Amino acid sequence: PHLLRLSVPHLTEADFAALEAILASYSAELAADQVATWGTRNTAFHAGLYSRAGRPRIEAQVQQLLQSSDRYARLQLRLTDGRARADREHRQILELCRARDADRACALLADHIAHARDGLLEHLRGAA
């Protein structure tokens with residue numbers, strides 16, 4: 001959320017168009033059950049959101065974390081109610097960014113991350 005807050009005021013129409021294109025691919029791949037590409041699209045979307053933060057070191061760390069957690073993100077999407085919610089929340093975050101509502105976008109992003117974490121942990125605990 002910190003990077004998103006810094007990035008929102010500087011996102012351009014070209015950024016929004018690129019993010020829309022990523023989400024279109026992501027939505028189609030979620031619907032088609034193309035699990036192998038979900039993490040790549042998720043990482044690209046989040047990286048695009050943060051791309052105007054002006055904090056390259058933190059952005060690189062977040063990029064690395066997104067890539068490192070890719071298999072867990074795909075697992076969460078596959079085994080929980082994550083697909084519909086992730087698709088919906090990504091779109092809502094993008095619209096809040098477009099409206100320059102950084103406070104609500106950051107709050108939704110924090111909830112988005114927490115829900116993915118909690119859903120995966122709940123599933124794993126139930127499987128044990």
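Colleague: Which residues in helix 5 meet helix 6?

Modeller: Gln76, Leu77 and Arg78 do, and their partners in helix 6 are Gly82, Arg83 and Ala86. Contact here means heavy atoms within 4.5 Å. This is a predicted model, where local features need pLDDT of at least 70 and side-chain atom pairs count only at pLDDT 80 or more, while totals for chains, interfaces and linings use all residues. Residues are numbered from 1 along each chain as its sequence is written, and side-chain values use heavy atoms, with hydrogens and water left out.

Colleague: What classes of residue does that contact have?

Modeller: An even split: two nonpolar, two polar and two charged. Asp, Glu, Lys and Arg count as charged, Ala, Val, Leu, Ile, Met, Phe, Trp, Tyr, Cys and Pro as nonpolar, and the others, Gly among them, as polar.

Colleague: And at what angle do helix 5 and helix 6 pack?

Modeller: About 115 degrees, and their axes are 6 Å apart. So helix 5 is roughly perpendicular to helix 6, a label for angles of 65 to 115 degrees. The axes are lines fitted to C-alpha atoms over the stretch in contact, with angles running from 0 to 180 degrees between N-to-C directions.

Colleague: Zooming out, how many helices and strands are there in the protein?

Modeller: Seven helices and zero strands. From the N terminus on, the elements go α-α-α-α-α-α-α. Both kinds are DSSP runs: H or I over at least four residues for helices, E over at least two for strands.

Colleague: Nice. What does the C-alpha trace span?

Modeller: Along the principal axes of the protein, about 45 × 25 × 25 Å.

Definitions and conventions
Angles under 35 degrees count as roughly parallel, over 145 as roughly antiparallel, 65 to 115 as roughly perpendicular and the rest as oblique.
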